[in-house]
Each structure stands twice: as C-alpha cells, then as structure tokens.
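This report walks through one structure for a reader who has not met it before. The sequence and the model come first, and the description follows.

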2 protein chains.
Amino acid sequence: MTRVVVDVMLKTEISDPQGQAVLSALTKLGHQGVQAVRQGKRFELEVTDPVDEAAIRQIADTLLANPVIEDFSVHVQT
Amino acid sequence: MTRVVVDVMLKTEISDPQGQAVLSALTKLGHQGVQAVRQGKRFELEVTDPVDEAAIRQIADTLLANPVIEDFSVHVQT
C-alpha cells in the first residue's frame, strides 16, 4: 500500500475568500509577517501497489479538483 | 518572502465523512485500487523573511487547526 497525496489549490487568478479571511484574522491578531494566505484541499489516498500514477492524475483531474478554477499536484510518498 | 505550507488533517481516530464520500464515489466509478481517502486542508502562507517558525506553529495550532480533532504539519519551502 502506498500513500499518494493530491494537493488542490485555487488557480492564482481566482479570488480566495477563505484565504483572505484567514489573512485578515492574522493581521488583526498582530501577525504582521504573514503577507498572503491561500487555502486549498489536501487528499491522502491509500493505493494498492503498484501505483498507477496516470490513473491517480485522472482521478484528481475529474473528481478531486475542478480544473476550471483549481490546479492540483500529485505526490507519491515513498 | 518565503512560502510556508501548513497541512491540516483530521486525527486518524476521527471519522472523516468527506474522505469516505470520495472513497465511495471512486469505488462506484471502478477505481478499485484506492483503499482509503482522508481529506484535509492545505494553507499556503507568504511570510516575510526571516521566517519565525515558532510563530507559524503557534498560528497553525491556534487558528488554522483545531487541535482537539486535527493534526497539522508545517513545511518551510526553500
């Protein structure tokens, strides 16, 4: 069994209200060092060996991310 | 400016209905290789140098994660 991590983030040109809310809270609380925040999703998949990375990318592209507004990256943990 | 990533996942002993829903959908669609799915959050913070990692960990512990039910990990990207 191998762990595969899929990170899904909004594309940079898409406004991220969740991240903006976190940044606003941090600034109000005095954490001036943080200049920007983006919030996304992280999926941890337990996959039977051997891992078919192409299939995982297809899952990410069709089910885990919305490719119109989101980018994803796939990391197979060794 | 340095990017710091904070990954927040539900603790393993906490039920994860979002992950279960994804797993159920994958299984129905014939992706038998995926045995388990956990869904969490990923925060990307742009932080002014030098990065105060202790401050970032405190932010993660008090604002980004709920330590009662979630674990977090902090990664400074170099």
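## Helix H1 and its surroundings

The buried residues of H1(A) pack against strand E2 (34-47) of chain A, and also against strand E2 (34-47) and helix H2 (53-64) of chain B. The model is a predicted one.

Helix H1 of chain A covers residues 17-28, which makes 12 residues. From its first C-alpha to its last H1(A) reaches 16 Å, close to the 16 Å expected at 1.5 Å a residue. Which residues of H1(A) are buried? They are A:Gly19, A:Val22 and A:Leu26. Seen down the helix axis, the buried residues of H1(A) fall within an arc of 60 degrees, so they line one face of the helix. A:Pro17 and A:Lys28, on the other side of H1(A), are exposed. Just after H1(A) comes A:Gly30, with a positive phi of about 95 degrees.

## The sheet

Strands from both chains form an open sheet of 6 strands with antiparallel pairing. The order is E3(A)-E1(A)-E2(A)-E2(B)-E1(B)-E3(B). Strand E3 (70-76) of chain A and strand E3 (70-76) of chain B stand at the edges; each has a single partner strand, so one side of each is left without a neighbour in the sheet. From one strand to the next the twist averages 25 degrees.

Within chain A, strand E1 (residues 2-10) and E2(A) pair in the antiparallel sense over 7 bridges. In this region A:Asp7 stands opposite A:Arg42 in E2(A).

The H2 helices of chains A and B lie on the sheet as follows.

| Helix | Strands touched or crossed | Angle |
|---|---|---|
| H2(A), residues 53-64 | E1, E2 and E3 of chain A; E2 of chain B | about 150 degrees to E3(A) |
| H2(B) | E2 of chain A; E1 (2-10), E2 and E3 of chain B | about 150 degrees with E3(B) |

## How the two chains are related

Two copies of a chain are related by a rotation about an axis and a shift along it. Here a rotation of 180 degrees, with 0.0 Å of shift along its axis, superposes chain B on chain A with an RMSD of 0.0 Å. That is the relation of a two-fold axis.

Which residue of chain B comes closest to the rotation axis? It is B:Lys41, at 2.3 Å by its C-alpha. Of the interface residues of chain B, 100% are also interface residues in chain A, so the copies meet through the same surface.

Technical notes. Residues are numbered from 1 along each chain as its sequence is written. Chains are lettered from A and ligands numbered from 1 in the order in which they are written. This is a predicted model: local features need pLDDT of at least 70, side-chain atom pairs count only at pLDDT 80 or more; totals for chains, interfaces and linings use all residues. Side-chain values use heavy atoms; hydrogens and water are left out. Helices (H or I, at least four residues) and strands (E, at least two) are DSSP runs, numbered from the N terminus. The expected span of a helix is 1.5 Å times one less than its number of residues. Buried means under 20% relative accessible area, exposed over 50%, partly exposed in between (1.4 Å probe, protein chains only). The arc is that of the directions from the helix axis to the C-beta atoms. Contact means heavy atoms within 4.5 Å. Two strands pair if DSSP finds at least two bridges between them. Axes are lines fitted to C-alpha atoms, for helices over the stretch in contact, and angles run from 0 to 180 degrees between N-to-C directions. Copies are superposed by least squares on the C-alpha atoms of residues with pLDDT of at least 70 in both.
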